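This briefing is meant for a reader who is meeting this structure for the first time. Please keep the sequence and the model side by side while going through the points below.

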Amino acid sequence: MGIARDASSKFVQLFCDWAVRRLWMTVRLNEKEADLVLAWLREQPAIHDASELWLYGQRSEGKATRYEYEPEIKVTSRLRCRRPDGSSQWVWITRESREGSGGNRATVSILGRDKVVLEKMLEEGREIQRRKREKFLTVVQVYDFGKEHGLNWLHPQDKDRKQPGRSISSVVLPRCCPGSSGIDQAEALLEDAREFLNSETWYTERGIPYRRGYLLYGIPGGGKSSLIMAVASELRLPIYMMSFSSERMNDEVLSSLLQYGMHDPPTILLLEDVDLLHTAVLNRHRQLQDSAGDSSPTDRDKDSSDKGYEKSRRGRLTLSGLLNALDGPTATTGRLLFMTTNDRDALDPALLRSGRIDYELEFKAAVPDQIQRLFTRFYADFGGSTSAQSPAAVKALPDEGDGALAELTTEELAQLFAKKLDSSSKRLTTADIQRHLMKRKKSPRRAVEEVQELLDTFSTGDDIQASVRDPSCPTK
Ligand SMILES: Nc1ncnc2c1ncn2[C@@H]1O[C@H](COP(=O)(O)OP(=O)(O)OP(=O)(O)O)[C@@H](O)[C@H]1O
């Protein structure tokens with residue numbers, strides 16, 4: 001009797017398992033797709049009826065705090081989804097937060113075998129993420145999740161996306177053709193990137209890897225990082241900021257970071273201060289190689305430290321590993337690579353070869369036309385024309401005298417300010433000038449009157465002013 005009961009309960013259990021397997025389909029989602037489904041889920045009205053919600057405030061509008069609710073979706077959420085043909089389908093979504101790593105994983109269980117609902121969810125989630133990127137600049141950084149999880153991308157959660165975007169007009173660079181009123185170097189670079197994004201078929205048809213590399217180099221405080229932020233904001237691309245400082249970084253980790261866990265292309269990959277990477281990280285390996293090369297192979301066989309050398313060699317980032325990850329056979333396409341450096345000469349030529357870097361832009365000390373436009377933009381609220389005239393059009397302006405300055409428009413003050421800086425032999429960066437203006441943000445007149453203070457505080461030398469006066473067009 002007991003045996004018969006056990007057998008029948010086993011049979012029922014097996015039947016249930018079979019029925020669930022037959023009726024339900026479960027799809028496991030990795031981090032990137034899980035983020036899309038969760039972004040979609042957050043916008044479903046049915047979910048907001050949930051009994052557990054998170055509340056968070058956003059101060060992004062400047063003044064009032066805006067409150068937003070996020071449903072608690074750590075547990076399974078069950079909802080009916082509409083299919084494209086108008087019918088509905090039951091879906092269960094379960095979020096699994098990977099402890100310590102911060103990344104999301106999720107499973108989607110669907111009644112039936114039709115995946116169309118899941119595909120619709122992913123598509124809409126992608127659109128939601130794109131809309132969110134419009135409002136905020138997304139910067140993804142490499143983060144060390146500890147011994148177990150290692151290095152991975154730290155994607156900002158929606159509620160952290162507070163970094164506002166930056167417009168290209170906020171980055172004031174010399175004009176491409178000095179003396180003209182044509183576009184400036186920031187707009188030219190943006191145009192180049194835009195053209196690249198529209199030319200995927202062109203690249204594919206010619207068998208050219210669909211990638212573009214930009215090198216921004218020159219003085220600190222010239223606007224290199226600002227330009228990258230502006231390009232990302234204008235093109236609504238997320239920035240992936242690579243960092244090499246962790247001891248855990250090596251060729252394999254780098255390669256896997258660039259292959260997995262990034263948003264779908266196009267994206268921006270940013271390597272900042274790449275000259276420091278070269279000396280501090282890559283050369284470390286070279287020294288190891290050199291010291292190993294000094295001893296004969298027999299000596300090294302004897303030397304137990306040889307094993308240590310091999311181990312450390314495998315655990316290091318090498319130049320070839322970096323180059324392979326950037327544009328080797330496994331490298332992703334559809335990516336804009338930006339490298340910045342203050343010292344171009346310190347870079348290995350291999351890093352700069354054509355096809356790897358396609359566009360170079362040098363940042364120099366500010367030129368008069370640039371200073372004038374920076375000033376006019378900064379004090380745009382003070383009235384006066386905002387269309388900067390070329391330096392040649394500067395009319396005779398009073399040099400000194402408080403009374404005379406009070407009569408001038410912002411535009412005329414800008415011309416005078418640029419003229420005063422130009423007549424000194426000092427080199428100033430746009431960051432230096434911005435700092436001077438910031439201290440006098442309510443008075444453009446004071447910015448001109450106290451220009452000597454700027455020259456005394458921020459002067460960085462006087463030897464290469466001549467080259468600064470002739471900003472070259474970017475090298476393509
Ligand atoms: N050309 C510019 N137009 C507008 N603002 C600028 C420009 N250059 C610098 N700034 C301002 O100066 C500050 C520093 O600029 P930024 O960080 O972009 O310079 P950088 O060239 O990247 O410097 P570093 O090489 O030290 O990283 C920012 O607040 C930025 O807004």
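How many residues surround the ligand, and which are the closest? The shell around the ligand consists of 18 residues, and the closest are V172, K224, S225, S226 and T430. The model is a predicted one, and the points below take up the ligand, then a residue of one strand, and then the salt bridges.

**The ligand and its surroundings**

- Two helices can be picked out around the ligand, since helix 7, which covers residues 224–235, and helix 17 each supply at least two residues of the shell.
- Sorted by class, the residues of the shell comprise nine polar, seven nonpolar and two charged ones.
- Oxygen atoms of the ligand take part in two of the contacts described here: a polar side-chain atom of R166 lies 3.2 Å from an oxygen atom of the ligand, and a polar backbone atom of G223 is 3.0 Å from an oxygen atom of the ligand.
- The backbone of V172 also comes into play, with an N or O atom placed 2.8 Å from a nitrogen atom of the ligand.
- On its own the ligand has 620 Å² of accessible area, and the protein covers 77% of that area.

**L216 in strand 9**

- Strand 9 runs over residues 211–218 and includes L216, a residue whose relative accessible area is 0%, so that L216 counts as buried.
- Once neighbours within four places in sequence are set aside, the residues in contact with L216 are L189, K224, L227, I228, F338, M339, T340, T341, L361 and F363.
- One of these, K224, is also listed among the closest residues to the ligand.
- L216 and E362 are separated by 146 residues in sequence, yet their C-alpha atoms are 6.0 Å apart in space.

**Salt bridges**

- Side chains of opposite charge can pair when their charged atoms come close.
- A search of the whole structure yields 16 salt bridges, and the pairs described below are among them.
- One salt bridge joins D144 and R248, whose closest N and O atoms are 3.0 Å apart.
- This pair links distant parts of the chain, 104 residues apart, with D144 in strand 7 (residues 139–144) and R248 in the loop between strand 10 (239–242) and helix 8 (251–259).
- D144 counts as partly exposed because its relative accessibility is 31%, and R248, with a relative accessible area of 34%, is partly exposed as well.
- Another salt bridge is formed by the side chains of E205 and R206, at 3.8 Å from N to O; here E205 is exposed, at 60% relative accessibility, while R206 is partly exposed, at 46%.
- A further salt bridge brings together the side chains of R440 and E450, at 2.6 Å from N to O.
- R440 sits in the loop between helix 17 (430–439) and helix 18 (444–449), whereas E450 sits in the loop between helix 18 and helix 19 (451–458), and the two residues are 10 residues apart.
- Is R440 buried or exposed? With a relative accessible area of 3%, R440 is buried, whereas its partner E450 counts as partly exposed at 22% relative accessibility.
- Beyond these pairs, R175, D184, D369 and R373 are joined into one network by salt bridges that share partners.

Definitions and conventions
Residues numbered from 1 in each chain as written. Predicted model: local features only at pLDDT ≥ 70, side-chain atom pairs only at ≥ 80, totals over all residues. Heavy atoms only, no water. Salt bridge = Lys/Arg side-chain N within 4 Å of Asp/Glu carboxyl O. Helix = DSSP H or I, 4+ residues; strand = E, 2+ residues; numbered from the N terminus. Buried < 20%, exposed > 50% of the residue type's maximum accessible area, 1.4 Å probe, protein only. Contact = heavy atoms within 4.5 Å. Near = heavy atom within 4 Å. Polar contact = N/O pair within 3.5 Å; in protein donor to acceptor, adjacent residues only side chain to side chain. Areas by Shrake-Rupley, 256 points an atom, 1.4 Å probe, with all protein chains shown as cover. Nonpolar A, V, L, I, M, F, W, Y, C, P; charged D, E, K, R; others polar.
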